[in-house]
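Biologist: I have not looked at this model before. Where should a newcomer start?

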Amino acid sequence: MTTLDYDTLQVASICSRLAFVGVFLVTLLRHPGETCFAVWAAALGCSLVASLMMQGDLASVSLSAHRGAFVYTLYGASLALSWAGLRLFYERPVIGGRILALAVAPGLFYGLLVTFGMPMTGSMSAVFVCIALSTGLCILEILRTPASARLWTQYIVLLGFSGYFLVFLLAIAAMQLGEIRPNPTESGIHALLFDQSCGVFLQVGYLAMMSERAQLKLQRLAETDPLTGLANRRGLFSTMARMSGPDRAFPRCAVLLTDIDHFKSVNDTHGHEAGDRVLVEFAQRLRAVMRRNDVVARWGGEEFLIVLDAADAPDAVGVAERLLGAVSGQPFTIDGLALKITASVGVSAPAAGELRIDDALARADSALYAAKTGGRNRVCLTGPPVAPVSDETGSPNTATRLGAAVQAIQAGIQPQPDPA
């Protein structure tokens, strides 16, 4: 009865591997650029061939030096290729020599040790050490990805490899302590069940990882301006939603709205292609002066919006001044022509308790209009609204009216006279 159950599990294991190989190959046909699927299919193919070679053998049967060397080379290649596939998935270089060494090592050690009379426990311990090394590299490949950039589905694959790694270590320790024989018959069914379970975690995890990454790519495309690579309006609002706290309140941020001066004349004089190149370079200079946690978006046309994280009015004005310097400090070189480009910036100081970004945007837009009408190539700042304070007659007092007028345009910076 045990033999029949063991054979049935072997057939089930072979069939599951064969099915996943087919799924990976079909997926590769639909997405030929995803070469990691080809590598993972090859990894499964190696373990499939090894399983076919072991078909009908009980776990207690010791393999000869030649046959064992071939079988364990296939298992080693399966894990080495799994590691290579993960590196391709993460767009990291694959070093063929290391993959080959990891693939060959288990079978090579087994064949040599058995040939020279090493006890089976020692030979199998060497095999498990080599395979555990490849498994550990797969685990490290997943964990080296920053937690903030890690896919949720990676943890499914991580669980599968962690299970394999733990069992290999336990098997090595048990054999060295002489507590079990290298291939006990009574543990064969449990070993196959464990292998199938971990294998399903890995293969399903690979597919889930690819699906999650594809969804994230689509989301990024939908939230990114295709010309400049900056966030678009949708991307900005998505980022702001992630920045907001549990109460969904607008985070305490300053808002900069900048517009390229006389951009229409660039298009009219040099063509729309030149205008696009100005926009791209402007976006690059914009990114260069921003801080790490600031959000930069193309707001539309030649307008760009910057949300400065945890910035007060002086911080925002300082960033805006650096922006003007970065834009006007060096001409834009387009088709060999040096174009003098300037920009105007409207700055909205943060206001406590705002639930939406709309009010801050409206103030920044008013400040930008003031910068444009005031001569361009300058920064204008508006502060948060001031609640009116009435005097004894019920009318807003003079100090309040003066404060409201002053806060409307608190600063006007003119680094250079605006060129025609």
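Modeller: Start with one side chain at the surface. Leu 100 has a relative accessible area of 55%, and the cut-offs are under 20% for buried and over 50% for exposed, with partly exposed in between (1.4 Å probe, protein chains only). By that scale, Leu 100 is exposed.

Biologist: Which pLDDT do local features need in this model?
Modeller: Residues are numbered from 1 along each chain as its sequence is written, and side-chain values use heavy atoms, without hydrogens or water. The model is predicted: totals for chains, interfaces and linings use all residues, side-chain atom pairs count only at pLDDT 80 or more, and local features need pLDDT of at least 70.

Biologist: Which residues make a nonpolar surface patch with Leu 100?
Modeller: Leu 100 sits in helix α4. A nonpolar patch joins side chains of Val, Leu, Ile, Met, Phe, Trp and Tyr within 5 Å, each residue having over 30% relative accessible area and no salt bridge. This patch covers about 510 Å² (Shrake-Rupley, 1.4 Å probe). The partners of Leu 100 in it are Val 104, Leu 108, Leu 112 and Phe 116.

Biologist: How many helices and strands does the chain have?
Modeller: Both are DSSP runs, numbered from the N terminus: helices are H or I with at least four residues, strands E with at least two. The chain runs to 420 residues, and 47% of them are buried. Its count is 13 helices and eight strands.

Biologist: Which helix gives the most to the largest nonpolar core?
Modeller: A core is a set of buried Ala, Val, Leu, Ile, Met, Phe, Trp, Tyr and Cys residues joined through side-chain atoms within 4.5 Å. The largest has 51 residues, of which Trp 40, Leu 86, Phe 89 and Phe 161 touch the most other members. Helices α1 (2-30), α2 (35-53), α3 (65-89), α4 (96-115), α5 (120-143), α6 (154-176) and α7 (188-222) each supply at least two residues of this core. With ten residues, the top contributor is α3.

Biologist: How many residues does the other core have?
Modeller: This second core lies apart from the largest one. Among its members are Phe 263, Val 289, Phe 304 and Val 347. Its residues number 37.

Biologist: Which residues are linked with Glu 141 in a network of salt bridges?
Modeller: A salt bridge pairs a side-chain nitrogen of Lys or Arg with a carboxyl oxygen of Asp or Glu within 4 Å. The whole structure has eleven. Those around Glu 141 form a network, joining it to Arg 87, Arg 92 and Arg 144.

Biologist: How far apart in sequence are Arg 87 and Glu 141?
Modeller: Their closest N and O atoms are 3.1 Å apart. Arg 87 belongs to helix α3 and Glu 141 to helix α5, so the pair links distant parts of the chain, 54 residues apart.

Biologist: What is the N to O distance between Arg 92 and Glu 141?
Modeller: Arg 92 is buried, with a relative accessible area of 16%. Glu 141 also counts as buried, at 3% relative accessibility. Their side chains meet in a salt bridge, and the distance from N to O is 2.6 Å.

Biologist: Which residue does the side chain of Lys 372 meet in a salt bridge?
Modeller: The N to O distance is 2.7 Å, and the partner is Asp 259. The pair spans 113 residues, from Lys 372 in helix α12 (residues 358-373) to strand β1 (residues 253-260). Lys 372 is buried, and so is its partner, Asp 259.

Biologist: What is the relative accessible area of Ser 344?
Modeller: Ser 344 is found in strand β6 (residues 343-348). Not counting residues up to four places away in sequence, its contacts (heavy atoms within 4.5 Å) include Asp 259, Lys 372, Arg 376 and Asn 377. Ser 344 is buried, because its relative accessible area is 0%.

Biologist: What is the phi of Asn 377?
Modeller: Arg 376 is found in the loop between α12 and β7 (379-382), and its phi is near 65°. Asn 377 is placed in the loop between α12 and β7. Arg 376 is partly exposed at 27% relative accessible area, whereas Asn 377 is buried at 1%. Asn 377 is not a glycine, yet its phi is positive, at about 55°.

Conventions. Patches are made of residues with over 30% relative accessible area and no salt bridge: like charges are joined within 9 Å, nonpolar side chains (Val, Leu, Ile, Met, Phe, Trp, Tyr) within 5 Å.
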